[in-house]
Amino acid sequence: MANTTHTTIPTVPEVARRRAGRGGGARRPVTGPSGRARRVPRSLQGWLYAAPTAVMVLIFFVVPILLVVQMSVSDWSLFAGNRGLNAPDNFVDASQHRLLWPAVTFTLKYTVITTLILLGVALGLALVVQESTRWKNGLRTAILVPSALGLASASLLFYALYSPQSSPINPALAALGVVDRPVSFLGTPDSALWSTVFLIVWRFAGFYMLLLMVGLQGISGDVYEAARIDGANRRQIFARITLPLLRPSIALCTILCVTGSLLAFDQFFILTKGGPDNSTVTIVQLVYNMAFAGQNHLGLAAALSVMVLVALLALNALQFRGLRGRED
Amino acid sequence: MTERSTGVQALARTPYYVLTGGLAILFLFPLVWAAVASVSPQGGTAQTDGWGFGNYETLATFQAGIGRYLLNSTVVSLLAVLFTVSISMLGGYAFARFRFPGKNVLFMITLAILMVPYATLLIPLYVLLNALGLQNSLLGLALVLTMFQLPFATFMMRISFEAVPRELEEAALVDGCGTFRALVQVLVPAVKPGLITVGLFAFLAAWNDFIAPLILISDSSKVPLPLAVANLRGQVMGIVDYGATEAGVVVLALPCVVLFLLLQRHYVRGFMSGALKG
């Protein structure tokens with residue numbers, strides 16, 4: 001995957017060792033007590049080093065994937081456990097759930113808004129702090145500090161920041177004469193959505209800025225120089241050079257941001273609890289509610305999460321194909 | 001002459017400094033506000049008049065006490081760091097330096113963890129941990145969090161080992177070291193930046209994780225800190241104690257911000273080199 005020279009072109013000793021194979025270091029004299037280790041064939045040694053990874057991946061990833069598929073076709077409740085197959089009841093019930101389509105619509109709306117604003121802001125910030133001066137390094141640090149917080153901590157912070165009792169925002173706005181009566185940040189469906197988007201932009205702008213800065217640094221200064229000599233102005237340079245050459249980084253950010261937003265949970269669970277009136281229930285929240293809050297129906301939740309998995313894989317395959325198509 | 005022109009330049013750039021300075025304040029404001037609000041007087045909290053640590057006292061005596069939750073979070077985070085660093089170190093070595101049947105399949109499956117939604121895995125994991133007798137346990141939670149870290153950690157360690165010149169390891173092997181001794185004595189010092197990055201990411205992820213303990217831990221005395229602070233909000237007769245919430249956020253954020261500032265240079269560089277190679 002990376003640094004292919006090391007994996008594809010074996011060095012001379014590597015070839016020698018491979019030829020030696022099970023013979024155990026016939027080419028090289030065994031010296032000292034550690035010769036014991038060399039009698040183990042090299043491929044077996046590789047497996048031994050990879051074994052902990054393999055065990056973890058098998059128990060905590062492969063088995064759960066198989067289990068979730070089994071659960072999705074079973075009558076499986078939180079407390080009573082597995083009560084046998086009932087396919088395709090769970091899938092039918094999940095797709096007819098009264099909150100499913102509102103949740104899908106809301107999640108998609110949230111994803112589009114968040115991705116557009118977040119990447120726009122991150123790109124702007126990356127362009128501003130790109131060069132390394134003392135002032136810009138400080139600026140970069142200030143923008144990156146929120147990324148150190150957990151999403152749950154950040155949501156709790158904004159929960160207090162938006163609250164009618166402790167919020168400093170409303171008094172400030174009133175003092176400036178911007179508003180007559182206090183703004184309710186989480187009270188209406190729209191304000192709850194935008195307040196959450198603001199929280200997410202605050203928390204993640206630094207992270208995506210960093211990713212885009214990596215892309216910007218990959219653009220050679222010569223290209224800019226050539227454009228400037230040809231008389232291109234700033235806007236032309238941005239539109240014709242920076243944006244096209246930054247496309248791989250922007251694509252990576254888009255995939256990460258879209259996937260992350262589609263699976264949003266913490267921020268809404270803490271800030272809005274899905275309210276007001278279930279207007280901010282996301283798909284993952286619906287999965288959680290089906291399994292652990294109220295319905296306690298693990299089979300139903302498993303069916304919905306399998307549907308989410310399939311949809312996400314399809315979407316990612318599409319995004320990757322779109323990416324590759326453009327690069328060709 | 002030059003002095004004067006730089007002065008004029010600086011003056012011309014004043015709007016720029018005001019604008020970008022405002023930007024920095026915008027990003028820092030919520031954090032500073034939380035810290036200040038947690039010790040300032042406010043109605044409906046434990047700190048009603050004068051400045052002080054009343055909110056932190058509420059936090060200290062909430063249910064099992066903040067000490068308990070801090071301990072839970074610390075245990076889970078340290079276990080996750082230990083598991084992630086040791087497993088990805090051995091795995092990265094295997095993927096970078098050995099050929100063995102199933103190598104590419106195992107590597108692809110490890111990376112595929114990234115493609116699967118958190119919630120899709122947590123529902124079967126809830127059932128699986130019960131079956132393994134690891135329900136409600138910090139060890140089970142740490143193992144699950146380690147699994148979520150493996151794609152990034154394994155990838156990072158693989159490229160770290162691949163970047164080490166092969167000659168370094170060959171020399172050790174010719175000198176009669178086994179591969180394990182070569183790993184410990186020669187390679188580990190060389191991949192230390194990668195190990196620190198992997199460990200830092202694992203710590204931050206485990207310390208901050210919310211949905212995994214929400215689903216996997218039901219015993220309220222075993223929950224880690226983020227969940228405890230979230231629970232704290234609705235506990236006191238349905239009235240939210242925002243002061244205690246602010247104090248909780250400060251306790252949660254402080255180690256992360258300090259770690260970030262300490263390791264910032266390293267974090268940003270490690271991240272950039274990793275991203276570039278990917």
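## Confidence in the model

In which helix of chain B is confidence lowest, and in which is it highest? The low end belongs to helix H1 (residues 2–12) of chain B, with a mean pLDDT of 66, and the high end to helix H4 (residues 66–97) of chain B, at 94. Keep in mind as you look around that this is a predicted model. It scores ipTM 0.85 and pTM 0.84.

Across chain B the average pLDDT is 85, and 88% of the residues reach at least 70. One stretch deserves a more cautious eye: over residues 274–278 of chain B, pLDDT stays under 50, and the model has 9 contacts there beyond four places in sequence. Where pLDDT is low, predicted coordinates should not be read in detail.

## Domains of chain B

The domain assignment splits out two parts of chain B: domain 1 covers 2–39, and domain 2 covers 63–234. Measure between their C-alpha centres in your viewer and you should find domain 1 and domain 2 of chain B 39 Å apart.

## Where chain B meets chain A

Turning to the interface, 83 residues of chain B are in contact with 77 residues of chain A. On the chain B side, helix H13 (residues 242–277) supplies the largest share, with 17 residues. Sorted by class, the side of chain B that touches chain A has 59 nonpolar residues, alongside 16 polar and 8 charged ones.

## The nonpolar core

The largest nonpolar core has 166 residues. Those with the most contacts inside this core come from both chains: A:Ala122, A:Tyr208, A:Met209, A:Leu212 and A:Val287, together with B:Val144 and B:Leu145. Helix H7 (residues 138–163) of chain B gives the largest share of the core, 16 residues. Domain 1 (2–39) and domain 2 (63–234) of chain B both contribute residues, so the core lies between them.

B:Leu145 is a good place to zoom in. Setting aside neighbours within four places in sequence, B:Leu145 is in contact with B:Val76, B:Ala80, B:Ala205, B:Ala206, B:Asp209 and B:Ala212.

## A closer look at B:Phe62

B:Phe62 sits in the loop between helix H3 (54–61) and H4 of chain B. Is this loop residue buried or exposed? With 21 other C-beta atoms within 10 Å, B:Phe62 is buried, because the cut-off for that label is 20 or more.

Which residues does B:Phe62 touch, not counting those up to four places away in sequence? They are B:Leu232 and B:Ala244. B:Phe62 and B:Leu232 are 170 residues apart in sequence, yet their C-alpha atoms are 7.5 Å apart in space.

Terms used
Residues are numbered from 1 along each chain as its sequence is written. Chains are lettered from A and ligands numbered from 1 in the order in which they are written. This is a predicted model: local features need pLDDT of at least 70, side-chain atom pairs count only at pLDDT 80 or more; totals for chains, interfaces and linings use all residues. Domain bounds come from an automatic or database domain assignment. pLDDT is the predictor's confidence in each residue, from 0 to 100. Helices (H or I, at least four residues) and strands (E, at least two) are DSSP runs, numbered from the N terminus. Two residues are in contact if their C-beta atoms, placed from the backbone, lie within 7 Å. Ala, Val, Leu, Ile, Met, Phe, Trp, Tyr, Cys and Pro count as nonpolar, Asp, Glu, Lys and Arg as charged, and the others, Gly among them, as polar. A nonpolar core is a set of buried Ala, Val, Leu, Ile, Met, Phe, Trp, Tyr and Cys residues joined through C-beta atoms within 7 Å. A residue is buried if 20 or more other C-beta atoms lie within 10 Å of its own, exposed if 12 or fewer, and partly exposed in between; C-beta atoms are placed from the backbone.
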